[in-house]
Amino acid sequence: AILARTSSTWSLRFCETANMPFVKFENIAREWRFKWSTDSDNASLMKAQVELDEVLAEVSSIEGVASVQRIVCGGCQDF
């Protein structure tokens, strides 16, 4: 699935698997990942959380979205 934002709306589009009939699934995951820095007392991590909070309700309400999870790794600074 592809989660895309056009202007102010989100849409969920499903990719074709017609050429791969052996691929079976019930859920499709979409991952947004980026690095954050420990500089300035983790300021980039805090800003990332603020940005996520601003779109979380809208993304969660898209038809077909089962869940949204936020995972942060302090060891490798992934968000």
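1. A good place to start is the interior: the largest nonpolar core consists of five residues, namely Trp36, Leu45, Ala48, Leu52 and Phe79. Please keep in mind that this is a predicted model.

2. Helix 1 supplies several buried side chains: Leu45, Ala48, Leu52, Val55 and Val59. Leu45, Ala48 and Leu52 also appear in the five-residue core described above. Some background may help in reading this pattern. An α-helix has 3.6 residues a turn, so residues three or four places apart point the same way.

3. Leu52 deserves a look of its own. Leaving aside residues up to four places away in sequence, Leu52 touches Arg70 and Phe79. Phe79 is a fellow member of the largest nonpolar core.

4. Now for the overall course of helix 1. Its 22 residues reach 30 Å from the first C-alpha to the last, close to the 32 Å expected at 1.5 Å a residue. When you follow the helix on screen, look for a bend of about 35 degrees at Glu54.

5. Turning to charges, the model has four salt bridges. One of them lies within helix 1, where Lys47 pairs with Glu51 and the closest N and O atoms are 2.8 Å apart. Because Lys47 and Glu51 are four residues apart in helix 1, about one helical turn separates them. Lys47 is partly exposed, at 47% relative accessibility, and Glu51 is also partly exposed, with a relative accessible area of 35%.

6. Which residues are linked in a network of salt bridges? They are Glu31, Arg33, Lys35 and Asp78. Within this group, Arg33 bridges to Glu31, with 3.0 Å between the closest N and O atoms. Arg33 counts as exposed at 53% relative accessibility, and Glu31 counts as exposed at 54%.

7. Arg33 has another partner in Asp78, and here the closest N and O atoms are 3.2 Å apart. Asp78 sits in the segment after helix 1 (39-60), while Arg33 belongs to the loop between strand 2 (9-13) and helix 1, so this pair ties together parts that are 45 residues apart in sequence.

8. Is Asp78 buried or exposed? Asp78 is buried, because its relative accessible area is 12% and the cut-off for buried is under 20%. Its partner Arg33, by contrast, counts as exposed, so this salt bridge joins a buried residue to an exposed one. It would be a nice pair to display alongside the rest of the network of Glu31, Arg33, Lys35 and Asp78.

Key. Residues numbered from 1 in each chain as written. Predicted model: local features only at pLDDT ≥ 70, side-chain atom pairs only at ≥ 80, totals over all residues. Heavy atoms only, no water. Salt bridge = Lys/Arg side-chain N within 4 Å of Asp/Glu carboxyl O. Buried < 20%, exposed > 50% of the residue type's maximum accessible area, 1.4 Å probe, protein only. Helix = DSSP H or I, 4+ residues; strand = E, 2+ residues; numbered from the N terminus. Core = buried A, V, L, I, M, F, W, Y, C linked by side-chain atoms within 4.5 Å. Contact = heavy atoms within 4.5 Å. Expected span 1.5 Å × (residues − 1). Bend = angle between axes of the 7 residues up to and from the residue.
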